[in-house]
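User: Could you take me on a close look at one part of this protein, starting from a loop and working through the strands that lead up to it? I would like to see how that part is put together and how it sits in the rest of the chain.

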Amino acid sequence: MRTPVTTLSTQRMHLRQWHARDFAPFAALNADAEVMRHFPAPLTRPQSDAMADRIQALIAERGWGFWAAEHRASGEFMGFIGLHIPAADLPCSPCVEIGWRLARPFWGQGLATEGARAALAHGFDVLCLASIVSFTALFNLRSQAVMQRLGMLRDEENFEHPAVPQGHALRRHCLYRLSRGQWRQQHSTTRHGQAGAGILEGASHQFPPHTP
């Protein structure tokens, strides 16, 4: 028996299960060279569809994952934001990561940060995860800025992502972490008005090149 699928809502978005209508805009997002700047290559339509199929199946199995991000005001598909268990053997494995990938029209509005905060709250308050990580190529400063705004702390040591080819400029990654205790402390501070949400650019995230 599968776990019921969770849907999260924020002021400006719904994070939900994927629908067939999401696949075409997701393929367009994955074919955008600027969105995919920090990945080895853009995705073809079959590669993008296979990735969406896999994400959809994992959400159906677990009840959570890299949710489809839908803009509340327009109903448009924006990309994905959510949680995932990486298959690659990473320095932090086993772990749960938080990730996002948004189409360019939705950058610069703080949407990645807003959705990621909702995903973190679900991970810590509902799933009771001890910690959540995030990682990206060293050059991906936009994603790192979001990680920092989320209160995540960077590890001192960088690592080589095994899903990126040897010698590739994007193989070197940095790793950020956030514990449940740190999250609760930040959440308590925010509730008392001592910290704000802020606005940051949405950005393509550290997700391995082709598959979850």
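Analyst: **From the loop back into the strands**

P94 is found in the loop between β4 and β5, the latter covering residues 97-102. The peptide bond that joins S93 to P94 is cis, with omega at about -5°. Please keep in mind throughout that this is a predicted model.

Before going further in, here is the wider frame. The protein has 212 residues, and 50% of them are buried. It contains 5 helices and 9 strands, which follow one another in the order β-β-α-α-β-β-β-α-β-α-β-β-β-α. Among contacts with a separation of 6 or more, 70% are between residues 24 or more positions apart. The exposed surface comes to about 9,700 Å², of which carbon and sulfur atoms supply 52%.

Now let us step back from the loop to β4 and its partner. β3 and β4 run antiparallel and are joined by 5 bridges. One pair to look for is W67 and I81, the latter being the bridge partner in β4. The hairpin made by β3 and β4 has 5 residues between the strands, and in it G75 takes a positive phi near 80°. G75 is also among the residues that E70 touches, so please keep E70 in view.

How many residues of strand β3 are buried? The strand spans residues 66-71, and 6 of its 6 residues are buried, leaving β3 mostly covered. β3 also pairs with strand β2 (residues 13-16), again in the antiparallel sense, over 4 bridges. In that pairing, R16 stands opposite A68 of β3.

E70 is a good place to pause, and it belongs to strand β3. Is E70 buried or exposed? It counts as buried because its relative accessibility is 15%, and the cut-off for buried is under 20%. Leaving out residues up to four places away in sequence, E70 touches R12, M13, H14, R16, R21, G75, E76 and M78. One of these, R16, is 54 residues away from E70 in sequence, yet their C-alpha atoms are 7.6 Å apart in space.

From E70 you can step across to M13, which has its place in strand β2. M13 counts as buried because its relative accessibility is 0%. Setting aside neighbours within four places in sequence, M13 is in contact with L8, E70, R72, M78, I81, L111, E114 and G115. For R72, the separation from M13 is 59 residues in sequence, with 4.7 Å between the C-alpha atoms. M78, which E70 touches, is thus on the contact list of M13 as well.

A cavity brings β4 back into the picture. There are 2 cavities of 30 Å³ or more in the model, and the second largest has a volume of about 50 Å³. It is lined by 10 residues, of which I55, L58, G65, F66 and H84 are the closest to its centre. The elements that give two or more residues to this lining are α2 (45-62) and β4 (77-84), and α2 gives the most, with 4 residues. Sorted by class, the lining has 7 nonpolar, 2 polar and 1 charged residues.

W67, whose bridge partner in β4 is I81, also leads you to a helix. H122 lies in helix α3, residues 111-126, and touches W67 together with T6, L8, W64 and L127, not counting residues up to four places away in sequence. Why does H122 count as buried? The reason is its relative accessibility of 7%, against a cut-off of under 20%.

Following the chain out of that helix, C128 is found in the loop between α3 and β6. C128 is not a glycine, but it has a positive phi of about 55°. With a relative accessible area of 47%, C128 is partly exposed. Beyond this loop, strand β6 (residues 131-137) is mostly covered, with 6 of its 7 residues buried. It pairs with β9 (residues 172-179) in the antiparallel sense over 7 bridges, and there S134 has Y176 of β9 as its bridge partner.

Conventions. Residues numbered from 1 in each chain as written. Predicted model: local features only at pLDDT ≥ 70, side-chain atom pairs only at ≥ 80, totals over all residues. Heavy atoms only, no water. Buried < 20%, exposed > 50% of the residue type's maximum accessible area, 1.4 Å probe, protein only. Contact = heavy atoms within 4.5 Å. 1 Å grid on protein atoms, 1.4 Å probe; cavity = no way out; pocket = protein on both sides within 12 Å on 5 of 7 lines; lining within 4 Å. Points joined across faces, edges and corners; volume = space filled by probe spheres on them. Nonpolar A, V, L, I, M, F, W, Y, C, P; charged D, E, K, R; others polar. Pairing = 2+ DSSP bridges. Areas by Shrake-Rupley, 256 points an atom, 1.4 Å probe, with all protein chains shown as cover.
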